[in-house]
Amino acid sequence: MLLILAYIGGDLFAYGRDGQEVWRRERFAVDGIELKSCKAGIVSAEIEYDYEGSWKTARVSAVDGRDL
């Protein structure tokens, strides 16, 4: 399975090999998302989670985007 991740503002999107959207997480972050890795079906990212500029690590399933 090939997974391509993209983000706009605080929204995170995943696309499959065929270019079709697999899942979407709207308002995943307040604004910034820094993708760190996608290994063993887990996407890790640093996300800006409040308007004060605080960041935290988030992990989601590469298959369906649910929180882990």
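Q: Hi! I'm looking at Ser44. Which strand is it in?
A: Hello! Ser44 sits in strand β5. One thing to keep in mind as we chat: this is a predicted model.

Q: Noted. Is Ser44 buried or exposed?
A: Ser44 counts as buried, because its relative accessibility is 16% and the cut-off for buried is under 20%.

Q: What is Ser44 in contact with, leaving aside neighbours within four places in sequence?
A: With that filter, Ser44 is in contact with Leu35, Lys36, Ser37, Ala58 and Arg59.

Q: And Val43, where does that one lie?
A: Val43 lies in strand β5 as well.

Q: Buried or exposed? I mean Val43.
A: Buried: Val43 has a relative accessibility of 2%.

Q: Which residues is Val43 in contact with, again leaving aside those within four places?
A: Quite a list, so here it is in pieces. Val43 is in contact with Leu3, Leu5 and Leu35. Its other contacts are Ser37, Cys38, Ala58, Arg59, Val60 and Ala62.

Q: What separates the C-alpha atoms of Val43 and Ala58?
A: Those C-alpha atoms are separated by 8.1 Å, and the two residues are 15 apart along the chain.

Q: Let's talk about β5 and β6. In which sense do they pair, parallel or antiparallel?
A: Antiparallel, over seven bridges. Strand β5 covers residues 42-48 and strand β6 covers residues 55-61.

Q: Which residue is the bridge partner of Ile47 in β6?
A: That's Lys56.

Q: How many residues are between β5 and β6?
A: Six, and the two strands form a hairpin. In the turn, Gly53 has a positive phi of about 90°.

Q: On phi: which sign do most residues other than glycine have?
A: Most residues other than glycine have a negative phi.

Q: OK, so what about Arg27, what's its phi?
A: Phi of Arg27 is near 55°, which is a positive value in a residue other than glycine.

Q: Where is Arg27 placed?
A: In the loop between β3 (21-25) and β4 (33-39).

Q: Is Arg27 buried or exposed?
A: Arg27 counts as exposed, because its relative accessibility is 69% and exposed means over 50%.

Q: And Ala40, what is its phi?
A: Near 50°, so Ala40 is another residue other than glycine with a positive value. Ala40 is found in the loop between β4 and β5, and with a relative accessible area of 80% it is exposed.

Q: Zooming out, how many helices and strands does the chain have?
A: Zero helices and six strands. Along the sequence the pattern reads β-β-β-β-β-β.

Q: How does the radius of gyration of the chain look for 68 residues?
A: The radius is 11 Å, close to the 11 Å that the globule rule gives for 68 residues, so the chain is as compact as a globular protein of that length.

Q: What box do the C-alpha atoms fill?
A: Roughly 40 × 20 × 15 Å, taken along the principal axes.

Q: What percentage of the 68 residues is buried?
A: Buried residues make up 32% of them.

Q: And the accessible surface, what does that come to?
A: About 4,500 Å², with 47% of it belonging to carbon and sulfur atoms.

Q: Last topic, charges. How many positive and negative ones are there, and how far apart are their mean positions?
A: The chain has 9 positive and 12 negative charges, and their mean positions are 8 Å apart.

Notes. Residues are numbered from 1 along each chain as its sequence is written. This is a predicted model: local features need pLDDT of at least 70, side-chain atom pairs count only at pLDDT 80 or more; totals for chains, interfaces and linings use all residues. Side-chain values use heavy atoms; hydrogens and water are left out. Helices (H or I, at least four residues) and strands (E, at least two) are DSSP runs, numbered from the N terminus. The radius of gyration is taken over C-alpha atoms; the globule rule is 2.2 Å times the number of residues to the power 0.38. Buried means under 20% relative accessible area, exposed over 50%, partly exposed in between (1.4 Å probe, protein chains only). Accessible areas come from the Shrake-Rupley method with a 1.4 Å probe; for residues, only the protein chains shown count as cover. Lys and Arg count as positive and Asp and Glu as negative; His and the chain ends are not counted. The place of a charge is taken as NZ of Lys, CZ of Arg, CG of Asp or CD of Glu. Two strands pair if DSSP finds at least two bridges between them. Contact means heavy atoms within 4.5 Å.
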